[in-house]
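Trainee: Please walk me through the ligand site and the pockets, and justify each term as you go.

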Amino acid sequence: MNHQEIPPEGNLTEVMEFVLLGFADIPRLQWLLFGLFLIIYIIILMSNGTIFLITKMDPALQSPMYFFLANFSFLEICYVSATLPRMLMNLGTQRRSISLVACATQMCFVLMFGTTECFLLTVMAYDRYVAICNPLNYLLVMNHRVCTQLVTGSWTIGIPVQIGQTYQIFSLPFCGSKEINHFFCDIPPILKLACGDTFVNEMLVYIVVVLFITVPFLLILGSYSKIISIILKLPSATSQAKAFSPCSSHLMVVVLFFGTGITAYLRPNTRSSEGTDKALSLFYTILTPMFNPMIYSLRNKDVITALRKLLCK
Ligand SMILES: *[C@@H]1O[C@H](CO)[C@@H](O)[C@H](O)[C@H]1NC(C)=O
């Protein structure tokens, strides 16, 4: 990764705040983007809120799968709320400065919720794996205690690591440019502004990405390949298609989320890649949280039935 040259001793001015440029390179589209992201935020809040409500209230949706789905939709709301409101504020007011503390806080929450998202998606894939490959023991394996432990584990595992990682990044000296060409405080654009030696931080990022993104991704792919191999053994083509349809859409979202995440954090950083960085992170921070609830639930008959019941009341 490139980092800036350390300027000579005399003009080393410490940066006290950053400027989140966001989409400042397309000034004419500010209001359009504001409207677009506001609509996306409202969709995310409403769809995930609805799923959370019906999975908690409807007696027909009390299996482990819906227990995970409820927690997952709650997580999606937290995850997008770490980036979108700030982005909307920047677009709406055109004031872009952000203090170092606010920037660090935002980064820490994005990283923690992002980690939880990776692990919770893995738990949900494992849940499908048990349900399809070991249906007779499903409720025995996925008992209430195990479910709670899996969810609690997903939420807590990243907290100490990501707090440590954020602390390390923000103890680097920042001098010279304070413009972050991004729409939220993510690791790659901040590391670019540091003028100390970022080698240790970069190594830490690699390790964390491998442990928290790549390993869950491989586990998910493993679960789904098992599931697909079982499905292919089903007798009729229609039952194959029926069992396959939810899996294929889950896989699509998973590949999109993990693929863009891994690419964004592991690709070599050059100045010319900033536009691509922004586009990639739009996928893993905003677009997949928007599509997840639809894909995980609206293609599911029980959820549709529960939704009808709720609306008819
Ligand atoms: C999701 O699980 C975590 C960890 O167990 C818990 O703290 C949180 O309250 C749960 N969220 C909801 C809305 O159930």
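Mentor: We take the ligand shell, then the two pockets.
Mentor: This is a predicted model, where local features need pLDDT of at least 70, side-chain atom pairs count only at pLDDT 80 or more, and totals for chains, interfaces and linings use all residues. Residues are numbered from 1 along each chain as its sequence is written, and side-chain values use heavy atoms, with hydrogens and water left out.

Trainee: What makes a residue count as near the ligand?
Mentor: One of its heavy atoms must lie within 4 Å of the ligand. Phe52, Asn71, Phe74, Val151, Thr152 and Trp155 are the residues around the ligand.

Trainee: Why is the Asn71 pair called a polar contact?
Mentor: A polar contact is a pair of N or O atoms within 3.5 Å; within protein, one must be able to donate a hydrogen and the other to accept it, and residues adjacent in sequence count only if both atoms are side-chain atoms. A polar side-chain atom of Asn71 is 2.4 Å from a ligand oxygen, so the pair qualifies. For Thr152, a side-chain N or O atom lies 3.2 Å from an oxygen atom of the ligand, so that pair qualifies too. For Trp155 the distance is 3.5 Å, again from a side-chain N or O atom to a ligand oxygen.

Trainee: How much of the ligand does the protein bury?
Mentor: The protein buries 61% of the 360 Å² that the ligand exposes when taken alone. Those areas come from the Shrake-Rupley method with a 1.4 Å probe; for residues, only the protein chains shown count as cover.

Trainee: Which element gives the most to the shell?
Mentor: α6 does, with 3 residues. Helices are DSSP runs (H or I, at least four residues), numbered from the N terminus.

Trainee: What makes a region a pocket?
Mentor: Take a 1 Å grid over the protein atoms alone, with a 1.4 Å probe. A pocket is an open set of points with protein on both sides within 12 Å along at least five of seven lines; lining residues have an atom within 4 Å of a point.

Trainee: What is the volume of the largest pocket?
Mentor: About 610 Å³. Volume here is the space filled by probe spheres set on the points, which are joined across faces, edges and corners. Of its 21 lining residues, Met65, Arg128, Pro246, Arg299 and Asn300 are the closest to the centre. α10 supplies the largest share of that lining, 7 residues.

Trainee: And which residues lie nearest the centre of the second largest pocket?
Mentor: Gln62, Ser63, Pro64, Phe67 and His144, out of 13 lining residues. The volume of this second largest pocket is about 180 Å³. α2 gives the most to its lining, with 4 residues.

How values were computed
Helix = DSSP H or I, 4+ residues; strand = E, 2+ residues; numbered from the N terminus.
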